[in-house]
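Student: I have a structure open and would like to learn how to read it feature by feature. Could you walk me through it?

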Amino acid sequence: MILSNKYRFIFIKGKKVAGTSMEVALSEVCGDNDIVTPISTIDEKKRLLDSGKGARNYGDNKIQNDEFLLKIEKSDGEQLRKIPLPKGAFYNHMSLKEVLFQRDIQLDEWVVFAIERCPYAKIISLANMHLQYSS
């Protein structure tokens with residue numbers, strides 16, 4: 001989930017719809033004060049390496065948020081999988097209803113979007129994910 005005050009958009013991330021790829025791309029243009037939720041540690045590492053910008057402003061504890069990114073930067077391989085995702089008021093796959101509960105936003109002043117995927121492609125993606133994480 002991304003809430004960009006800079007560009008006045010909210011991206012709601014669905015499951016198995018290439019949402020992480022979209023979120024990584026969008027997070028590169030987001031401002032320092034925008035809300036960008038953490039993604040899997042492996043993807044978060046890629047996002048940091050590609051753009052130097054990681055998850056931010058998703059929780060009240062800035063120190064905890066910064067420590068999470070520092071651990072990601074310093075870790076590789078199996079170490080990355082062991083890093084727990086931090087908790088925050090905003091999180092990955094958050095619904096629009098939950099976002100609006102956290103922030104008083106007039107939707108007529110914002111662009112809200114999500115992406116969808118062919119149902120067959122979603123099933124294949126889900127199966128690939130299960131195969132990848134089961135090994």
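Student: Let me start with Arg8: is it buried, partly exposed or exposed?

Tutor: This is a predicted model, so every value here is computed from it. Relative accessible area is the number to look at, and the middle class lies between 20% and 50%. Arg8 has a relative accessible area of 35%, so this residue is partly exposed. Arg8 sits in the loop between β1 and β2.

Student: What stands out about the phi of Arg8?

Tutor: The general idea comes before the case. Most residues other than glycine have a negative phi. Arg8 has a phi near 55°, which is positive although the residue is not glycine. Asn57 also has a positive phi, near 60°, and is not glycine either. You will find Asn57 in the loop between α2 and α3, and its relative accessibility is 30%, so Asn57 counts as partly exposed.

Student: Those two helices caught my eye. At what angle do the axes of α2 and α3 cross?

Tutor: For a pair of helices, look at both the approach and the angle. The axes of α2 (residues 41-51) and α3 (residues 62-74) come within 9 Å, with a crossing angle of roughly 85°. An angle from 65 to 115 degrees counts as roughly perpendicular, and α2 and α3 are therefore roughly perpendicular to each other.

Student: Which residues meet where α2 and α3 touch?

Tutor: From α2 come Thr41, Glu44, Lys45 and Leu48, and from α3 come Phe68, Leu69, Ile72, Glu73 and Lys74. Sorted by class, this contact has four nonpolar, one polar and four charged residues. A general point helps in reading such lists: an α-helix has 3.6 residues a turn, so residues three or four places apart point the same way.

Student: Glu44 is on that list. Is it buried or exposed?

Tutor: Buried means under 20%. Glu44, with a relative accessible area of 0%, is therefore buried. Its side chain makes a polar contact of 2.8 Å with that of Arg47. Leaving aside neighbours within four places in sequence, Glu44 is in contact with Thr37, Pro38, Ile39, Gly54, Ala55, Phe68, Leu69 and Ile72.

Student: Thr37 is among those partners. Where is Thr37 found, and what does its side chain reach?

Tutor: Thr37 is in the loop between β3 and α2. A loop position does not settle the accessibility, so check the number: Thr37 has a relative accessible area of 0% and is buried. Its side chain reaches the backbone nitrogen of Met1 at 3.0 Å. Beyond residues up to four places away in sequence, Thr37 touches Met1, Glu23, Glu44, Arg47, Ala55, Tyr58, Phe90, Tyr91 and Asn92.

Student: Glu23 appears there. Which residues of α1 are buried, and what do they pack against?

Tutor: In α1 (residues 19-29), the buried residues are Gly19, Glu23, Val24, Leu26 and Ser27. The buried residues of α1 pack against β1 (2-4), β2 (9-11), β3 (35-36), α2 and β4 (111-113).

Student: How many residues are in the largest nonpolar core, and which of them touch the most other members?

Tutor: Think of a core as a network of side chains and look for its best-connected members. The largest nonpolar core has 18 residues, of which Met1, Leu3, Ile10, Phe90 and Val99 touch the most other members. Helix α3 gives the most to this core, with three residues. A second, separate core has six residues, including Ile2, Leu26, Cys30 and Val36.

Student: Which residues does Leu3 touch?

Tutor: Not counting residues up to four places away in sequence, Leu3 touches Phe9, Ile10, Asp34, Ile35, Val99, Arg103, Ile105 and Trp110.

Student: Last topic: how far apart in space are Val112 and Arg8?

Tutor: Set the separation along the chain beside the separation in space. Val112 and Arg8 are 104 residues apart along the chain, and their C-alpha atoms are separated by 8.7 Å. Val112 lies in strand β4. Ile123 and Lys16 are 107 residues apart in sequence, with 8.1 Å from C-alpha to C-alpha. Now try Ala121 and Phe68: they are 53 residues apart in sequence and 32 Å apart in space, again C-alpha to C-alpha.

Methods. Residues numbered from 1 in each chain as written. Predicted model: local features only at pLDDT ≥ 70, side-chain atom pairs only at ≥ 80, totals over all residues. Heavy atoms only, no water. Axes fitted to C-alpha atoms, helices over the stretch in contact; angles between N-to-C directions. Helix = DSSP H or I, 4+ residues; strand = E, 2+ residues; numbered from the N terminus. Parallel < 35°, antiparallel > 145°, perpendicular 65-115°, else oblique. Contact = heavy atoms within 4.5 Å. Nonpolar A, V, L, I, M, F, W, Y, C, P; charged D, E, K, R; others polar. Buried < 20%, exposed > 50% of the residue type's maximum accessible area, 1.4 Å probe, protein only. Polar contact = N/O pair within 3.5 Å; in protein donor to acceptor, adjacent residues only side chain to side chain. Core = buried A, V, L, I, M, F, W, Y, C linked by side-chain atoms within 4.5 Å.
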